[in-house]
Amino acid sequence: MARWSLVSLSIRSASKAWVAVFVCLTTKAVHLELARDLSTASLLGALTQFSGGRGRPSELWSDNATLASS
């Protein structure tokens, strides 16, 4: 099982960076992936990167963040 949420990072430039946080609820392992913005495409890209490195999760839970946009 993996759970994800988005966290904003403050960088000393004109742009923001977002981090998708994936947590395994069995082993408590934490995996971080950078995202360009809060779009669906950016989240799916981070999920693809996560799946490519760790394998496809059997379950995926979301924190139902209202910040993500399509």
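Me: How many residues has helix α1, and what distance does it reach from its first C-alpha to its last?

Reply: In this predicted model, helix α1 covers residues 40-54. At 1.5 Å a residue, the expected reach is 21 Å, and the helix comes close to that value. Helix α1 therefore has 15 residues, and from first to last C-alpha it reaches 21 Å.

Me: Which residues of α1 are buried?

Reply: Buried here stands for a relative accessible area under 20%. The buried residues of α1 cover an arc of only 100° around the axis, which means that they lie on the same side of the helix. They are Ser42, Leu43, Ala46 and Phe50.

Me: Which residues are exposed on the other side of α1?

Reply: Exposed stands for a relative accessible area over 50%. On the side of α1 away from the buried residues, the exposed ones are Ala41, Thr48 and Gly52.

Me: Is Ser42 buried or exposed, and with what relative accessible area?

Reply: Ser42 has its place in helix α1. Leaving aside neighbours within four places in sequence, Ser42 is in contact with Ala35, Arg36 and Asp37. Because values under 20% count as buried, Ser42 is classed as buried, with a relative accessible area of 5%.

Me: Which residue follows α1, and what is its phi?

Reply: Helix α1 ends at residue 54. The residue that follows is Gly55, and its phi is positive, near 95°.

Me: How far apart in space are Ala17 and Leu34?

Reply: Ala17 lies in strand β2, residues 17-24, and is buried, with a relative accessible area of 14%. In sequence, Ala17 and Leu34 are 17 residues apart. In space, their C-alpha to C-alpha distance is 7.0 Å.

Technical notes:
Residues are numbered from 1 along each chain as its sequence is written. This is a predicted model: local features need pLDDT of at least 70, side-chain atom pairs count only at pLDDT 80 or more; totals for chains, interfaces and linings use all residues. Side-chain values use heavy atoms; hydrogens and water are left out. Helices (H or I, at least four residues) and strands (E, at least two) are DSSP runs, numbered from the N terminus. Buried means under 20% relative accessible area, exposed over 50%, partly exposed in between (1.4 Å probe, protein chains only). The arc is that of the directions from the helix axis to the C-beta atoms. Contact means heavy atoms within 4.5 Å.
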